[in-house]
Amino acid sequence: MNKNILLISTVILVAGIIIWIAFQYISNNNGLLVNPWIKKTTNQLATPVPSMLFNPPKEIKYDSSTNLEEELEKVNPEVLDSDFE
Amino acid sequence: MKKFLLIFVVLVIVLPATIFATEDSLYQINQKVSDRLEEDTSRMAAIMEELKRRKGILETRVAYGEVDTQIKTADYWITSAAEAIAYQRAQKHSSKTQLKGSLGVLRNKILKAKAEVRKALDE
């Protein structure tokens with residue numbers, strides 16, 4: 001009986017892993033259920049724009065009327081506890 | 001025996017999901033704080049650009065061993081802080097404590113750059 005339970009659990013686990021891998025593969029192909037071994041047709045989707053890994057910093061420019069000391073006072077690097085919540 | 005087996009199966013399914021979720025949230029926190037610190041670095045770089053423009057300094061080439069003016073020193077430390085932020089972004093952290101520690105070190109580098117920029121402005 002214990003062997004049967006172990007066998008069933010293992011089968012379920014392996015099946016779950018296979019299904020997960022299959023979904024990963026499908027999502028990488030933009031949801032298309034296309035057999036990779038068949039030559040693709042010319043009717044292909046456009047290459048997706050790569051997502052930015054991070055936000056580029058704002059460009060800051062000053063002119064002769066800027067009080068540079070005041071701007072330097074705005075530089076206040078802090079690591080807050082609220083960042084980790 | 002059945003209970004242990006059930007617990008084992010649940011752990012195998014639930015535990016990896018929990019670990020991946022934690023790593024992902026630490027990554028997000030790291031990027032968010034790095035964005036904020038990068039803004040400070042950009043601000044300091046813009047201050048130095050404007051200062052050099054006002055003093056008529058056209059170019060500052062900061063090379064190893066040639067940091068001989070306060071402006072060059074400030075530029076060196078700003079560059080160093082920017083590189084540290086880029087390095088921080090690429091790091092993976094396994095715990096909040098570790099992430100907090102490394103962000104604290106990064107913060108100190110930016111404060112050092114700020115002190116050097118202040119000296120350059122005071123000249």
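Which residue forms a salt bridge with R107(B)? The partner is E78(A), and the closest N and O atoms of this pair are 3.8 Å apart. The structure is a predicted model.

## The two chains

Chain A has two helices and zero strands. Of its 85 residues, 13% count as buried. The accessible surface of chain A comes to about 7600 Å², and carbon and sulfur atoms account for 62% of that area.

Chain B has three helices and zero strands, so its elements, read from the N terminus, run α-α-α. Of the 123 residues of chain B, 36% count as buried. Its accessible surface comes to about 7600 Å², with 61% belonging to carbon and sulfur atoms. For contacts in chain B with a separation of 6 or more, 72% are between residues 24 or more positions apart.

## E78(A) and R107(B)

The salt bridge of E78(A) and R107(B) crosses between chains: E78(A) is in the segment after helix 2 of chain A, and R107(B) is in helix 3 (residues 96–122) of chain B. E78(A) counts as partly exposed because its relative accessibility is 30%. R107(B) is also partly exposed, at 25% relative accessibility.

What else does E78(A) touch? Not counting residues up to four places away in sequence, E78(A) touches R36(B) and L37(B) as well as R107(B).

## E71(A) and R43(B)

Over all chains, the count comes to 16 salt bridges. One of them joins the side chains of E71(A) and R43(B), at 3.3 Å from N to O. This pair also crosses between chains, from helix 2 of chain A, where E71(A) lies, to helix 1 (residues 2–55) of chain B, where R43(B) lies.

Are these two residues buried or exposed? E71(A) has a relative accessibility of 11%, so E71(A) counts as buried. R43(B) is buried too, with a relative accessible area of 14%.

## A pair within one helix, and a network

The side chains of E116(B) and K112(B) meet in a salt bridge of 3.1 Å, N to O. The two residues are four residues apart in helix 3 of chain B, which means that about one helical turn separates them. E116(B) counts as buried because its relative accessibility is 5%. K112(B), at 34% relative accessibility, counts as partly exposed.

Salt bridges can also share partners, and in this way E71(A), K74(A), E39(B) and R43(B) are joined into one network.

## A buried lysine without a salt bridge

K114(B) is in helix 3 of chain B. K114(B) is buried yet has no salt bridge. How far away is the nearest side chain of opposite charge? That side chain belongs to E73(A), and the distance is 4.6 Å. A salt bridge requires a side-chain nitrogen of Lys or Arg within 4 Å of a carboxyl oxygen of Asp or Glu, so a pair at 4.6 Å does not count.

Leaving aside neighbours within four places in sequence, K114(B) is in contact with L72(A), E73(A) and V75(A) of chain A. K114(B) is also in contact with M44(B).

## Patches on the surface

Which residues gather in a patch of negative charge on the surface? They are E69(A), E70(A), D122(B) and E123(B), so the patch draws on residues of chain A and chain B. E69(A) lies in helix 2 (residues 68–73) of chain A. At 39% relative accessibility, E69(A) counts as partly exposed, because the partly exposed range runs between 20% and 50%.

A nonpolar patch on the surface is formed by I17(A), W20(A) and I21(A), which together have about 340 Å² of accessible area. W20(A) lies in helix 1 (residues 2–28) of chain A. W20(A) is exposed because its relative accessible area is 55%, and exposed means over 50%.

Notes. Residues are numbered from 1 along each chain as its sequence is written. Chains are lettered from A and ligands numbered from 1 in the order in which they are written. This is a predicted model: local features need pLDDT of at least 70, side-chain atom pairs count only at pLDDT 80 or more; totals for chains, interfaces and linings use all residues. Side-chain values use heavy atoms; hydrogens and water are left out. Patches are made of residues with over 30% relative accessible area and no salt bridge: like charges are joined within 9 Å, nonpolar side chains (Val, Leu, Ile, Met, Phe, Trp, Tyr) within 5 Å. Accessible areas come from the Shrake-Rupley method with a 1.4 Å probe; for residues, only the protein chains shown count as cover. Lys and Arg count as positive and Asp and Glu as negative; His and the chain ends are not counted. The place of a charge is taken as NZ of Lys, CZ of Arg, CG of Asp or CD of Glu. Buried means under 20% relative accessible area, exposed over 50%, partly exposed in between (1.4 Å probe, protein chains only). Contact means heavy atoms within 4.5 Å.
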